Every structure is written in structure tokens, then in C-alpha cells.
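Reader: I'm new to reading protein structures and would love some help. Could we walk through one together?

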Amino acid sequence: MIYKVCEIFESINGEGERAGEPALFIRLAGCPLRCSYCDTAYALSFDSPHTPMTAAEITAKALESCIRNVTLTGGEPLAAQGIEELLRSLAGAGFITEIETSGCVDVSFVDSITPRPVLTIDYKLPSSKMESRMIGDNYRRLELCDTVKFVAGDEEDLRRALQVMREYDLIGHCHVHISPVWGKIDPQRIVKFMLENRLNGVKLQLQLHKMIWDPERRGV
Ligand code: SF4
């Protein structure tokens, strides 16, 4: 299987439960969604500039880096044909693999991979314009180590996030994070919403990489 690799780079995890830890990022080209706030336009098309690589080549590159956390991202990495082979290769090499996925691809197959990759799965809220593409079953099968991330851009998004948390009984069954759409909503408003609704067990998460580096910068 050949994968379309947009970039491989070392940084810290900017979000997710491993935020702040060193990570090796593998970004694959292509995403079936078009979120209103997407910040990875360069990886959206399945024809985005990329390097074709096999699972063995990607795994060898990862082994060179000596960083244990691998974050597979995109685009939508699970939309890549034969992605299971790459995930098995990384797991077999001893990496802790976190998959950043959008919620629009069935994630059930990851349960058959040992060690199972960790999922950080978005739930696309109304302001993304992509909520209709969310697969409800994805949110019913999550494990304690997984994370659901709500990226909120306005008040309607916050109200909808709360409904979804309740609908899928997420709090206590996996990690639940709320992040602001960068520059669209004041994080203070999210904190107020969390306190007003007594969202015990939910975390506000700011994207560390956008605070440390220029928000437009690639490869960080
Ligand atoms: S899922 Fe991610 S990569 Fe795809 S359009 Fe939305 S924000 Fe961009």
C-alpha cells in the first residue's frame, strides 16, 4: 500500500490528552470534509503535494526519530486506502499512535489492532457546516483512553456540544475537550459555559502550537 505523506515532523502535541508531550506527526493528504474553519488547506485535497511512502518506509522514518508518540493526522488520515496496514506497522514497532480523526469515518476497525491506537475524534459542530457527516456509532464505542474534541466557534456550537455529550453519555466514558475555533470565540466564554453547566470532567483545551508559534505556520 502506498500512502500520500504531506509531511512528517517532530513537535509537541498541541492538543489531545498528550498535549505538551513530544510527538512525531505524520500528516496524510486528503479529507472528504470541508470544515468552515479548516486550518490545513494544504492537506485537504487527495492530490495535495505529497511524498508516496509505504508503511515500512514511514515506520522506518518514525524509528529514526526515537520519539515514542506518533500522531497520525491529515486531512483525514482514516480516509487513506489501507490505513490499517500502516497502523499495524506502527503498533508492531512499539509506537503509541494517536489518530486525529474527524468523526466522518467508521473507526470500529481500530479495536482489532494491538496495541490499540488512541482516538482523538472530533464532533463537528454546526458552525463547521459538517455536522451532518458525523457517524453516531463512532461516539458510542469509545474507550476511556480516547478523546472527543468539540471545536466551538459560537454559542450555538456550545449548546450543541452539551447536547451531544448527553446524547452519547460521553463524560466519564472518554476524555471530553472543548477548544475554541481560533480567533472566533473568546476562551473565557467557553470557561463560563463550562462553569454554568457544571461540566465536571470536561477540559478546555487551547491549541498549544498556535500559542507557541505563528498560528499559520506549518510543520509545528
Ligand atoms: S476534518 Fe479537519 S482537515 Fe478535514 S476539512 Fe475539517 S478541519 Fe480540515
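Reader: Let's start small: which residue in E8 does Thr-147 stand opposite?

Author: Thr-147 stands opposite His-175. Keep in mind that this is a predicted model. The general idea is that strands of a sheet pair through backbone hydrogen bonds, either parallel or antiparallel. Here, strand E7 covers residues 147–152 and strand E8 covers residues 175–180, and the two pair in the parallel sense over 6 bridges.

Reader: In what order do the strands of the open sheet come?

Author: There are 9 strands, and the order is E3-E1-E2-E4-E5-E6-E7-E8-E9, with mixed pairing. At the edges you find strand E3 (51–54) and strand E9 (202–204), each of which pairs on one side only. Neighbouring strands are turned by 30° against each other on average, if you ignore direction.

Reader: OK, now somewhere inside that sheet. Which residue in E4 stands opposite Phe-25?

Author: That's Thr-71. E2 and E4 pair in the parallel sense over 4 bridges. Now follow Thr-71 over to E5, where its bridge partner is Glu-98. E4 and strand E5 (residues 96–101) also pair in the parallel sense, over 4 bridges.

Reader: How many residues of E4 are buried?

Author: E4 is mostly covered, with 4 of its 5 residues buried. You can look at E8 in the same way: 5 of its 6 residues are buried, and that strand is mostly covered too.

Reader: Which strands does helix H1 lie across?

Author: Helix H1 (residues 55–65) lies across strand E1 (2–12), strand E2 (22–28), E3 and strand E4 (69–73). Against E3, H1 runs at about 90°.

Reader: How do I read a nonpolar core, and which residues have the most contacts inside the largest one?

Author: The general idea first: in soluble globular proteins, nonpolar side chains tend to be buried together. In this model the largest nonpolar core has 54 residues, and Val-70, Val-148, Phe-150 and Ala-152 have the most contacts inside it. E2 supplies the largest share of this core, 5 residues.

Reader: What is Val-148 in contact with, leaving aside its neighbours within four places in sequence?

Author: Its contacts are Ile-121, Tyr-123, Tyr-139, Leu-142, Leu-170, Cys-174 and Val-176.

Reader: Now for a loop residue: is Leu-78 buried or exposed?

Author: Leu-78 counts as buried because it has 24 C-beta neighbours inside 10 Å, and the cut-off for buried is 20 or more. You'll find Leu-78 in the loop between E4 and helix H2 (83–92). Not counting residues up to four places away in sequence, Leu-78 touches Ile-83, Ile-99, Thr-101, Val-105 and Val-107. Try the distance to Leu-28 as well: these two leucines are 50 residues apart along the chain, while their C-alpha atoms are separated by 9.1 Å.

Reader: Which residues surround the ligand?

Author: Look for Cys-31, Leu-33, Arg-34, Cys-35, Cys-38, Thr-40, Leu-44, Gly-74, Gly-75, Glu-76 and Ser-102. Sorted by class, that shell has 5 nonpolar, 4 polar and 2 charged residues.

Reader: Let's take one of them. Why is Arg-34 called exposed?

Author: Count the crowd around Arg-34: it is exposed because 12 other C-beta atoms lie within 10 Å, and 12 or fewer is the cut-off for exposed. Arg-34 is found in the loop between E2 and E3. Measuring from C-alpha to C-alpha, Arg-34 and Ser-45 are 10.0 Å apart in space and 11 residues apart in sequence.

Reader: What kind of peptide bond joins Gly-74 and Gly-75?

Author: That bond is cis, with omega about 15°. Gly-75 is in the loop between E4 and H2. Another cis bond runs from Thr-114 to Pro-115, with omega near -10°. Pro-115 has its place in the loop between E5 and strand E6 (118–123).

Reader: And backbone phi angles: what is the phi of Cys-66?

Author: Cys-66 has a positive phi of about 60°, although it is not a glycine. Look for Cys-66 in the loop between H1 and E4, where it counts as exposed because it has 9 C-beta neighbours inside 10 Å. Lys-129 is not a glycine either, and its phi is positive at about 70°. Lys-129 sits in the loop between E6 and helix H3 (136–140), and it is partly exposed, with 14 other C-beta atoms within 10 Å.

Methods: Residues are numbered from 1 along each chain as its sequence is written. This is a predicted model: local features need pLDDT of at least 70, side-chain atom pairs count only at pLDDT 80 or more; totals for chains, interfaces and linings use all residues. Two strands pair if DSSP finds at least two bridges between them. Axes are lines fitted to C-alpha atoms, for helices over the stretch in contact, and angles run from 0 to 180 degrees between N-to-C directions. Two residues are in contact if their C-beta atoms, placed from the backbone, lie within 7 Å. A residue is near a molecule or strand if its C-beta atom, placed from the backbone, lies within 6 Å of it. Ala, Val, Leu, Ile, Met, Phe, Trp, Tyr, Cys and Pro count as nonpolar, Asp, Glu, Lys and Arg as charged, and the others, Gly among them, as polar. A nonpolar core is a set of buried Ala, Val, Leu, Ile, Met, Phe, Trp, Tyr and Cys residues joined through C-beta atoms within 7 Å.
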